[in-house]
Amino acid sequence: MPLIALVDCNNFYASCERVFQPTLRGKAVVVLSNNDGCVIARSQEAKDMGIAMGAPWHLNQRDYKARGVYVRSSNYALYGDMSARVMEVLKQFTPQLEIYSIDESFLNLDGISAAHTDYARNIKSTVQQWTGIGVSIGIGPSKTLAKVANRYAKRHHATGGVYALTDPQAQETILSELALEDIWGIAHNLARRLRAVGLNSPLDLRNSETSFIRDRFGVVVERIARELRGESCLHLDDVTHDKKSIMVSRSFGHLIEHYQDLREAVVSYTSRAAEKMRRQHLAAHHISVFIETNRFIKSDQQYRAHYGIDLPVATSDTHLLAHRAIDALKIIWRKNYRYKKAGVMLLGLEPIEQVNDGLFDRADNAGALKRMKAMDCINQRFGHNTLMLAGAGMQPKWSLRRAFLSPSFTTHWDDLLKVD
Amino acid sequence: MTFFIPFMSDYVAAGFPSPAEDYLERPLDFNELLIQNPPATFAVRISGDSMTGIGLFPGDIAIVNRALQATHGAIIIALVDGAFTIKRYDKRGVHVQLQAENPHYSPIVIRDDMDFEVWGVVTSAIRMLHPTMKR
């Protein structure tokens, strides 16, 4: 039986802020979206206070102040760097790591001989000590059950943040108590359709006839049912990402040495990520690129690096994102290394309709695409940055309201933590 | 198209294969020199003068490895009642003191009613000496 662990950072954005700002510990902390629009992340204390995700800042400003809530603007440079650190620590514990989002990763525990909960506790305390970030870990025979176990670990303090859902009896009990919507990949509409045929709980779905599910609901729901039985068959591409981040990364079939090849890979991952994002009608405010060598080839010189770039105006335009991705790649690429893997992550996602400048951000807008192309031609002919998007280089004040931005402690020399 | 030809520094010796032959020559890498454990390593800026006795001055960058256990005598970044401080870790038995390296400062004695945490262990420090260097 394969064994999969889901490691999920607790209240990730608030936790990143707290590593360098201990005054925020034990306090209600909220992180605001781009332009300080609304609440996109909360500390546990803020959740317990009943502060809702998406609460608009300008309407709640006074209330938060009165209740002693600490407010921070989103700092993607910091969160991206801390995320890369957490994932790097996790890689020490498994040869197979699938990064699912900025704060979640699946670890394949096959071949780990140690007792799996002990192993997970060791992972948890190592991540905590090395990076200062607290994580919860759920273990199960499939990704879906690992996710269920993770949820259980988060909600039940007695677990100490680690829970293995491997016992069949425990699986039945927990699946009977959950709502269908609590299961990964089951949204409200699908849950209603499942209930309409008498499947009222995840346990019902698990126990139903496979062929019936496939005929009626399609292959993805069939996979979810199989996963609930403990058959590992779900690919991360099957399920939509959380609304916090979109990640596309792949290992190369063979090691890549030349910049051109790496660039091609990064551009194609960027366009995949942008496609995924547009499908969810979202636009990104930050793009982060990483590259790494194969650490299992001990005789190879090792190198890994990541770099994130803030976009003054959120965009889902593939061309624009690809340009920024290449800018990031140019900064981190070093010659004479053999690269195994690259990835692109989009952060600071917001609904396209909310983006201030709606002219250039939709790549499905044919006019915008034509303008992009014309611009690219001119830039190629007369040199890079001859023509720029008005929003991209000049940073209009209205688009960058980040009044509560903490320093970029890990990515700017001028922003280092000051120690007396 | 440009190709990079790897440059091998070892001449080929007949008889014994050199283990160093496997390695390509690269420029000195200061990351390699200063960073033992990248995901656990952070840089902080020293702002006070309590450690000048061992050559740590305001404006210096201290490199901190959070993966190391603090042992007696180590230079650490500590959190004392919510404030960061850099000091020498002095632990004898269960008693912890944070020693300054400047006669103008007295040691901080950690009592039970204080919030105390080792944030990380300082492994090296960097100081820019020429006015053209960014700091």
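**Group meeting: a walk through chain A and its contact with chain B**

Okay, so buried residues make up 44% of the 420 residues in chain A. By buried I mean that 20 or more other C-beta atoms, placed from the backbone, lie within 10 Å of the residue's own; exposed is 12 or fewer, and partly exposed is in between. A quick word on what you're looking at: this is a predicted model, where local features need pLDDT of at least 70 and side-chain atom pairs count only at pLDDT 80 or more, while totals for chains, interfaces and linings use all residues. Residues are numbered from 1 along each chain as its sequence is written, and chains are lettered from A and ligands numbered from 1 in the order in which they are written.

Chain A has 15 helices and 14 strands. Those are DSSP runs numbered from the N terminus: H or I with at least four residues for helices, E with at least two for strands. Take contacts in chain A between residues at least 6 apart in sequence: 67% of them join residues at least 24 apart. A contact here has C-beta atoms, placed from the backbone, within 7 Å.

Now, helix H1 of chain A, residues 12–20. How many of its residues are buried? It's 9 of 9, including Phe12(A), Cys16(A), Arg18(A) and Phe20(A). And what covers them? Among the elements are strands S1 (4–9) and S2 (29–32), helix H4 (76–91) and strand S14 (417–419) of chain A. Keep H4 and S14 in mind.

Next, a helix pair. H10 (residues 210–217) and H11 (residues 219–228) of chain A pack at about 150°, with axes 7 Å apart; axes are lines fitted to C-alpha atoms over the stretch in contact, and angles run from 0 to 180 degrees between N-to-C directions. So H10(A) and H11(A) are roughly antiparallel, the word for angles over 145 degrees. On the H10(A) side, Thr210(A), Ile213(A), Arg214(A) and Phe217(A) make the contact; H11(A) brings Val219(A), Val221(A), Glu222(A) and Ala225(A).

Last, the contact between the chains, which takes 19 residues from chain A and 26 residues from chain B. Here H4 and S14 come back: along with helix H5 (116–131), they each give two or more residues to the side of chain A that touches chain B. S14(A) also pairs with strand S1 (residues 41–46) of chain B, in the parallel sense over 3 bridges; pairing takes at least two DSSP bridges. One bridge to look up is Lys418(A), whose partner in S1(B) is Arg45(B).

Definitions and conventions. Two residues are in contact if their C-beta atoms, placed from the backbone, lie within 7 Å. Angles under 35 degrees count as roughly parallel, over 145 as roughly antiparallel, 65 to 115 as roughly perpendicular and the rest as oblique.
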